[in-house]
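Grab a coffee and work through these short exercises with the model open beside you. Try each task before reading its solution.

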Amino acid sequence: MSEPLFRKHVHLVVKARGAGETEFVEPGYKLPSHELPPWVAPGHALDLSVEIASKRTYDDWSRAYARQGKADLKVYRELKKLRQASVLEDCHELHYLQMAIEKIARAFLLKHSRGDRRAYLLSHVAVNDFAGSYMKSPEHKTRFAGQAWLWQQVRLLAGEVERLTPAVERQARPDNVEYPWSDGLKLHVPSETQFLKRFTFSQNVWAQLLAVLDEVGGALDP
């Protein structure tokens, strides 16, 4: 199934009917006259819907997002080493983790959801929907059998990392790993902010989050 690539709805009023072409009051719109019923005359109004379908399916998009998410995850691991060596700041490492989570979550939802999935091609907020869908998978049952508490912590961690993008909860949570922000009194710069100190999750929770991302990304883009 392919998703609509472009969709537009316009209201038109017929200006003139000719042998080969119909003109409308609105500039820039013309149609072959034979596409309209013969009784349509000047003054008639009509609503026109145009939809252009993509040649790519949701499965195609899923693989593409998974591939880029895996690439972001690879960069994240390298940046983590540099941050641990005090070469880079927290924000760079977390930025790539946030992007990897977002893309792999979108990839999973594009593959496993039903119906209209265009929202997952656009939205930066995907963790909650992904978590709900992933919980129904055999992989979740195998990895987190008898450890519901661990999955809940992984889910919370992914959500906290997601909130570090400026496109998520910008008003309530202006702090982010990309752009300077203000708390009303002071301007803050991401490279001067110690984000990782805010996270209290155990190393096992971080490891499980990465394991889930590796597993899901690898399954979607073998």
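**Exercise 1. Two helices in contact**

At what angle do helix α6 and helix α7 pack, and how far apart are their axes?

Solution. Keep in mind that this is a predicted model. Start by finding the two helices: α6 covers residues 148–162 and α7 covers residues 203–220. They pack at an angle of about 75°, and their axes lie 9 Å apart. Next, put a word to that angle. Angles from 65 to 115 degrees count as roughly perpendicular, so α6 and α7 are roughly perpendicular to each other. Now look at who makes the contact. From α6 come Leu150, Gln153, Val154, Leu157 and Ala158, and α7 brings Asn204, Val205, Trp206, Gln208 and Leu209. Finally, sort these residues by class: the contact of α6 with α7 has seven nonpolar residues, three polar ones and no charged ones.

**Exercise 2. The whole chain**

Work out how the helices and strands are ordered, and decide whether the chain is more spread out than a compact globule or not.

Solution. Count first: the protein chain has seven helices and six strands. Reading along the sequence gives β-β-β-β-α-α-α-α-α-α-β-β-α. Then turn to the radius of gyration, which is 24 Å for the protein chain. The globule rule gives 17 Å for 222 residues, and 24 Å is well over that, so the chain is more spread out than a compact globule. As for the box, the C-alpha atoms fill roughly 75 × 50 × 25 Å along the principal axes. On the surface side, the chain exposes about 12800 Å², with carbon and sulfur atoms supplying 56% of it. Buried residues make up 39% of the 222 residues. One last step concerns contacts between residues at least 6 apart in sequence: 60% of them join residues at least 24 apart.

**Exercise 3. Three residues, buried or exposed?**

Classify threonine 165, leucine 121 and serine 86 as buried or exposed, then describe where each one sits.

Solution. You need two cut-offs: buried means under 20% relative accessible area, and exposed means over 50%.

- Threonine 165 has 4% relative accessibility, so it's buried. You'll find threonine 165 in the loop between α6 and β5 (181–182). Leaving aside neighbours within four places in sequence, threonine 165 is in contact with Gln98, Asn176 and Glu178.
- Leucine 121 comes in at 15%, so it counts as buried too. Leucine 121 belongs to helix α3, residues 119–122. Its C-alpha atom is 8.0 Å from that of leucine 110, eleven residues away along the chain.
- Serine 86 reaches 66%, so it's exposed. Serine 86 is in the loop between α1 (58–84) and α2 (90–112). Check its backbone as well: phi of serine 86 is near 65°, a positive value in a residue other than glycine.

Conventions
Residues numbered from 1 in each chain as written. Predicted model: local features only at pLDDT ≥ 70, side-chain atom pairs only at ≥ 80, totals over all residues. Heavy atoms only, no water. Axes fitted to C-alpha atoms, helices over the stretch in contact; angles between N-to-C directions. Helix = DSSP H or I, 4+ residues; strand = E, 2+ residues; numbered from the N terminus. Parallel < 35°, antiparallel > 145°, perpendicular 65-115°, else oblique. Contact = heavy atoms within 4.5 Å. Nonpolar A, V, L, I, M, F, W, Y, C, P; charged D, E, K, R; others polar. Rg over C-alpha atoms; globule rule 2.2 N^0.38 Å. Buried < 20%, exposed > 50% of the residue type's maximum accessible area, 1.4 Å probe, protein only. Areas by Shrake-Rupley, 256 points an atom, 1.4 Å probe, with all protein chains shown as cover.
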